[in-house]
Amino acid sequence: MNILVCISHVPDTTAKINFTADGSAFDPAGVQFVINPYDEFGLTKALHIKEAQGATITVLNVGGSETEPTLRKALAIGADQAIRINATPTDAITVAKSIKNHIQANAYDLIICGQESIDYNGQQVPAMVAAFLDLPFVNACVGLDINGGATAMAEIDGGHATYSCTLPMVVGGKKGLVEEKDLRIPNMRGIMTARTKPLTVEEGEGGGHTAAVSFARPAAKSAVKLVPADQVNELVRMLHEESKSI
Amino acid sequence: MMIVVFVESWNNQFKKASFEAVSYARSWANTAGCGVRAITSASAENANQLAQYGADEIATLELAKTGAGIGAQLAGLLGDAQGVVVAGTAMGKIIAPTLAALSNGALSTNTTNTPTSTNPVIVERGAFSSKGIETISLNNGLPIISFVPNAIGIKEEVGAGAMSTAESERSDMLNVDEVSVASGKVALPEAEIVVSAGRGLKGPENWGMIEELADVLGAATACSKPVSDIGWRPHSEHVGQTGIQVNPNLYIAIGISGAIQHLAGVSASKTIVAINTDPEAPFFKAADYGIVGDAFEVIPQLIEELRAFKAAN
Ligand SMILES: Cc1cc2nc3c(=O)[nH]c(=O)nc-3n(C[C@H](O)[C@H](O)[C@H](O)COP(=O)(O)OP(=O)(O)OC[C@H]3O[C@@H](n4cnc5c(N)ncnc54)[C@H](O)[C@@H]3O)c2cc1C
Ligand SMILES: Nc1ncnc2c1ncn2[C@@H]1O[C@H](COP(=O)(O)O)[C@@H](O)[C@H]1O
């Protein structure tokens, strides 16, 4: 079984987000980067499958050389090999084309992505990869059972759905694929062996269909209005008359 | 030329986001100087109401069961489309990128306004989990917009409403084995009011008052991440940077500290109320209104006051 886990390299969840002085781009100075949290669930799921039934796990990122520490971290957690597709990830469709090309040149049984990258919040790449390759796709996947084919549980608006399909398939995963407590942090041995695992660089697609024009911060909130705990009726009045929320 | 809008229906019923999608398309079409074509699987008798929100043409057809299947069908129905609109529901989040890939289009997801320019299309979208607003230009290929439900609201504006039926081959690559949707519950991403609680509630047995409060307000319930990690509440209620991102008119946070990862998923809410025993809780910096107090005392009073308010209004 060959599993591909697509990993995006994103600012740590606690990072303060700054933009360049002219507002044209995100400013990565001083920001710690991590494996996209949704992809951590996917990577751990791949490890569970490997431990239960045997598999080779390849992790892949489309990006510049600055993302290699993130791929090395995925190797230290337990992936077998890493691919970096050398391209500027200008937009999702360009990233998805690079991933598609790689998949076409290699045989994978299962392609696990995260539901969303927490940087640009696209929720686009996995569906695009599936569409380009004409493969079954389950988004918001919160449970996956590989049994020759696959049975997958997904969140839908207001509930859940269970799907089954043949392999290969593409998954856009999230918490539930494995539990929070199952997530692994690299240990010393993992970090040592990661140094000798292969990290191969391939060339990717350029171009792009969309372009960021500018970035801004959301308007700052004015100071909170505190209501005394014994005047809850006053809060109800304000929510009705001032903010018109009820 | 037409702005094509996909209008989602469930068992022949439209959701609020469905009408909002037509309003969105109408607004874009007005700026671009063209018409609106709605595509839906709802029955013709039901679909004709889309004219009230600005649809000039309404095409009904049988659709595939999954987002990827519908996306592939839409790709074959674009005709003279100048742009496409899809609501960012769970289904829409699959349809839009599928369609973008198959039509080699230019997609903006998480979009929060209507186009400020139409050639090229320029819109704003949430990025960095509400810590940033990105202005994006859809330069190359058919512009496709998936918007955040509640972003622009519903506007009534009459369109010509010419009805037709469309034909298109359906195929799903997934077998749908089971669908379970809780009836009567308000779905979180679309909710206008969200009542959310955190670890301050001490245990799952105390959620009765949270559900009661949500019930009085017609709100959806949500929770912080640790609450769903410990299993007090289902994963599907986890909001925040790594959970569901919401933008309701009103977000009430009870016994939630207001960690940066939580705020990242809720700070787009129009009005925020924080209720917390700790006056130093970070949530008070992100809230519009706050009560420093014990949830176990404040919430029952709030339920009572709201009942009285609802009875009087
Ligand atoms: C990678 C990563 C991703 C994360 N993503 C998310 C995310 O998406 N969403 C999320 O929520 N968190 C997320 N977190 C976790 C986040 O950092 C916080 O730990 C979490 O939000 C805290 O939850 P809480 O406020 O319920 O609990 P606590 O921090 O324990 O706060 C409980 C609060 O309740 C108050 N309280 C106690 N008793 C009462 C009472 N009787 N009445 C009223 N108030 C009371 C306390 O004063 C306190 O402020 C993430 C963390 C990491 C590392
Ligand atoms: N540059 C990238 N390299 C590899 N995988 C990516 C990249 N961008 C996105 N992905 C994958 O696609 C998922 C969804 O990302 P997005 O569509 O950007 O929100 C992520 O969780 C990753 O699995």
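The shell around ligand 2 is made up of 9 nonpolar, 8 polar and 2 charged residues. In this predicted model, 19 residues surround ligand 2, and those that come nearest are Cys6(A), Asp39(A), Ser117(A), Gln123(A) and Gln124(A). Several elements of chain A contribute to this shell: β6 (56–63), α3 (92–105), β8 (110–114) and α4 (125–133) each provide at least two residues. Of these contributions, the largest share, 3 residues, belongs to β6(A).

Three polar contacts help to picture how ligand 2 sits among its neighbours. An oxygen atom of ligand 2 is found 2.5 Å from a polar side-chain atom of Asp39(A). The backbone takes part as well: a polar backbone atom of Ser117(A) lies 2.7 Å from an oxygen atom of ligand 2, and a backbone N or O atom of Gln124(A) is 2.8 Å from an oxygen atom of ligand 2. On its own, ligand 2 has 470 Å² of accessible area, and the protein covers 94% of it.

Attention now turns to ligand 1, which lies between chains A and B. Around ligand 1 there are 27 residues, and Ser224(B), Ser257(B), Gln261(B), His262(B) and Asn276(B) come nearest. By class, this shell holds 6 nonpolar, 16 polar and 5 charged residues. Backbone atoms of chain B again supply polar contacts. A nitrogen atom of ligand 1 is 2.9 Å from a backbone N or O atom of Ala295(B), while a polar backbone atom of Gly200(B) lies 3.4 Å from a nitrogen atom of ligand 1. For Gly255(B), the partner is an oxygen atom of ligand 1, 3.1 Å from a polar backbone atom of the residue. Ligand 1 taken alone exposes 990 Å², of which the protein buries 77%. The elements giving two or more residues to the shell around ligand 1 are α6 (225–229), α7 (260–266) and α9 (295–312) of chain B.

Beyond the ligands, the structure contains 25 salt bridges over all chains. One of them joins the side chains of Arg237(A) and Glu241(A), with 2.8 Å from N to O. Both residues belong to helix α6 (residues 232–241) of chain A, and because they are 4 residues apart there, about one helical turn separates them. Arg237(A) is partly exposed at a relative accessible area of 33%, and Glu241(A) is also partly exposed, at 45%.

A salt bridge in chain B offers another setting. Glu134(B) pairs with Arg125(B), their closest N and O atoms being 2.8 Å apart. Glu134(B) counts as buried, with 5% relative accessibility, and Arg125(B) is buried too, at 3%.

Another pair in chain B is Arg233(B) and Glu211(B), whose side chains meet in a salt bridge of 2.9 Å, N to O. Arg233(B) lies in the loop between α6 and β16 (250–254) of chain B and Glu211(B) in helix α5 (residues 208–217) of chain B, so this salt bridge ties together parts that are 22 residues apart in sequence. Arg233(B) is buried, with a relative accessible area of 12%, whereas Glu211(B) is partly exposed at 40%. Salt bridges also link Asp157(A), Glu8(B), Lys15(B) and Glu190(B) in a network.

Finally, the surface carries a nonpolar patch formed by Met188(A), Ile191(A) and Met192(A), which together have about 290 Å² of accessible area. Met192(A) lies in helix α5 (residues 188–194) of chain A and counts as partly exposed, with 42% relative accessibility.

How values were computed. Residues are numbered from 1 along each chain as its sequence is written. Chains are lettered from A and ligands numbered from 1 in the order in which they are written. This is a predicted model: local features need pLDDT of at least 70, side-chain atom pairs count only at pLDDT 80 or more; totals for chains, interfaces and linings use all residues. Side-chain values use heavy atoms; hydrogens and water are left out. A residue is near a molecule or strand if one of its heavy atoms lies within 4 Å of it. A polar contact is a pair of N or O atoms within 3.5 Å; within protein, one must be able to donate a hydrogen and the other to accept it, and residues adjacent in sequence count only if both atoms are side-chain atoms. Accessible areas come from the Shrake-Rupley method with a 1.4 Å probe; for residues, only the protein chains shown count as cover. Ala, Val, Leu, Ile, Met, Phe, Trp, Tyr, Cys and Pro count as nonpolar, Asp, Glu, Lys and Arg as charged, and the others, Gly among them, as polar. Patches are made of residues with over 30% relative accessible area and no salt bridge: like charges are joined within 9 Å, nonpolar side chains (Val, Leu, Ile, Met, Phe, Trp, Tyr) within 5 Å. A salt bridge is a side-chain nitrogen of Lys or Arg within 4 Å of a carboxyl oxygen of Asp or Glu. Buried means under 20% relative accessible area, exposed over 50%, partly exposed in between (1.4 Å probe, protein chains only).
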